[in-house]
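Me: I should like to learn how to read the features of a protein model, one at a time. Could we begin with charged side chains?

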Amino acid sequence: MQFQANLIRAAAIVAAEKDIRSCLNGVRIEYKPGEDHVWIVGTDGGAMFVARQIVDRQTDPVELLIPTKEARKIKSKHAYHDGGDVVTWQIGNENHSLYSKAEPGLYPDWRRVVPDSVDNTRTNIRMDYMVKAQKVVTELCGKTSGDYVDIRGGSIDDRTPAIVMGLSSNCLMLIMPYRANSSVTEADLTSLRAKLGI
């Protein structure tokens with residue numbers, strides 16, 4: 001089975017690296033027998049990247065967890081899985097292999113997090129997640145595409161994640177918003193203008 005390495009690298013941008021929940025410290029690759037696609041997922045609990053990649057149908061399930069640190073090192077165009085628990089990729093003419101067995105049942109139910117609908121209201125997003133979104137867009141779409149990141153929706157009150165727009169049709173990135181007191185009154189604006197001498 002062949003995986004697009006840029007999807008693995010994009011998932012690794014979002015995946016945790018030193019979380020106490022060890023199942024988050026890697027990029028999950030998930031395949032169910034008979035399906036025509038594999039899922040590539042990375043999350044740290046506050047943001048999530050999911051990609052659906054078309055593959056040849058297989059008879060055996062695949063559950064891999066490539067450690068985040070190693071997934072970020074993959075520089076070749078593809079990574080390969082020939083059965084078992086080993087993923088292989090190339091750097092130059094050298095093959096690199098990695099044992100990457102996932103522990104069944106530990107990875108979070110990432111499908112449940114994907115919202116059914118979204119509105120376009122303003123939301124509060126942590127700056128480090130904005131940077132991760134920019135890096136994901138750059139990884140998938142090129143350097144100039146990462147200059148601008150379009151994030152829509154999200155509500156801390158009903159735990160609806162915001163969606164990063166502009167990724168390819170087979171990818172999704174979600175970011176959980178956070179609660180912040182961001183209302184500005186006219187008095188605040190007047191005070192600010194006075195402090196700045198405007």
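Reply: Side chains of opposite charge can pair when their charged atoms come close. In this predicted model, Arg28, Glu30, Glu63 and Arg111 are linked in a network of salt bridges.

Me: Which pair in the network has its N and O atoms 2.7 Å apart?

Reply: That pair is Glu30 and Arg111, whose side chains form a salt bridge at 2.7 Å, N to O. The two partners belong to distant parts of the chain: Glu30 is in strand β2 (residues 26–31) and Arg111 is in helix α3 (residues 110–113), 81 residues apart.

Me: Is Glu30 buried or exposed?

Reply: The relative accessible area of a residue is compared with fixed limits, and buried means under 20%. Glu30 has a value of 9%, so Glu30 is buried. Its partner Arg111 has a relative accessible area of 36% and is therefore partly exposed.

Me: How many salt bridges does the structure hold, and where is Arg52, the partner of Asp36?

Reply: The structure holds 11 salt bridges. In the one between Asp36 and Arg52, the closest N and O atoms are 3.8 Å apart. Arg52 is in strand β4 (residues 47–54), and the pair, 16 residues apart, links distant parts of the chain. Asp36 is partly exposed, with a relative accessible area of 28%, and Arg52 is partly exposed as well, at 34%. A further salt bridge joins the side chains of Arg21 and Asp19, at 2.9 Å from N to O. Arg21 has a relative accessibility of 43% and so counts as partly exposed.

Me: How should one read a single polar residue, such as Asp44?

Reply: One may take its location, its accessibility and its partners in turn. Asp44 is found in the loop between β3 and β4. Its relative accessibility is 14%, so Asp44 counts as buried. The side chain of Asp44 reaches the backbone nitrogen of Gly46 at 2.8 Å, and it also makes a polar contact of 3.1 Å with the side chain of Lys132.

Me: Which residues does Asp44 touch, not counting those up to four places away in sequence?

Reply: Asp44 touches Val14, Ala15, Ala16, Asp19, Arg21, Leu24, Tyr129 and Lys132. Asp19 and Arg21 in that list are also the two residues of the 2.9 Å salt bridge.

Me: Let us turn to the interior. Why is helix α1 described as largely enclosed by the rest of the structure?

Reply: One counts the buried residues along the element. Helix α1 covers residues 5–14, and nine of its 10 residues are buried, so the helix is largely enclosed by the rest of the structure. The buried residues of α1 are Ala5, Leu7, Ile8, Arg9, Ala10, Ala11, Ala12, Ile13 and Val14.

Me: Which residues of the largest nonpolar core touch the most other members?

Reply: They are Ile8, Phe49, Val136, Met173 and Ile175, in a core of 41 residues. Helix α1 supplies the largest share of this core, eight residues. Apart from it lies another core, of 13 residues, among them Val41, Tyr107, Ile163 and Leu174.

Me: What is in contact with Met173, leaving aside its neighbours within four places in sequence?

Reply: The contacts of Met173 include Val14, Ala47, Met48, Phe49, Tyr129, Lys132, Val136 and Leu167. Ala133, Ala162, Ile163 and Val164 are among its contacts too.

Me: How are the strands near the end of the numbering paired, beginning with β9 and β10?

Reply: For each pair one reads the sense and the number of bridges. Strand β9 (residues 150–152) pairs with strand β10 (residues 162–165) in the antiparallel sense over three bridges, with Ile151 opposite Val164. Strand β10 also pairs in the antiparallel sense with strand β11 (residues 171–175), over two bridges. There, Ile163 stands opposite Leu174. The hairpin of β10 and β11 has five residues between the strands, and Gly166 takes a positive phi near 90 degrees.

Me: What overall values complete the picture?

Reply: The protein has five helices and 11 strands. Buried residues make up 42% of its 198 residues. Of the contacts with a separation of 6 or more, 63% are between residues 24 or more positions apart. The protein exposes about 11600 Å², and carbon and sulfur atoms supply 50% of that area.

Terms used
Residues are numbered from 1 along each chain as its sequence is written. This is a predicted model: local features need pLDDT of at least 70, side-chain atom pairs count only at pLDDT 80 or more; totals for chains, interfaces and linings use all residues. Side-chain values use heavy atoms; hydrogens and water are left out. Buried means under 20% relative accessible area, exposed over 50%, partly exposed in between (1.4 Å probe, protein chains only). Helices (H or I, at least four residues) and strands (E, at least two) are DSSP runs, numbered from the N terminus. A nonpolar core is a set of buried Ala, Val, Leu, Ile, Met, Phe, Trp, Tyr and Cys residues joined through side-chain atoms within 4.5 Å. Contact means heavy atoms within 4.5 Å. A salt bridge is a side-chain nitrogen of Lys or Arg within 4 Å of a carboxyl oxygen of Asp or Glu. Accessible areas come from the Shrake-Rupley method with a 1.4 Å probe; for residues, only the protein chains shown count as cover. A polar contact is a pair of N or O atoms within 3.5 Å; within protein, one must be able to donate a hydrogen and the other to accept it, and residues adjacent in sequence count only if both atoms are side-chain atoms. Two strands pair if DSSP finds at least two bridges between them.
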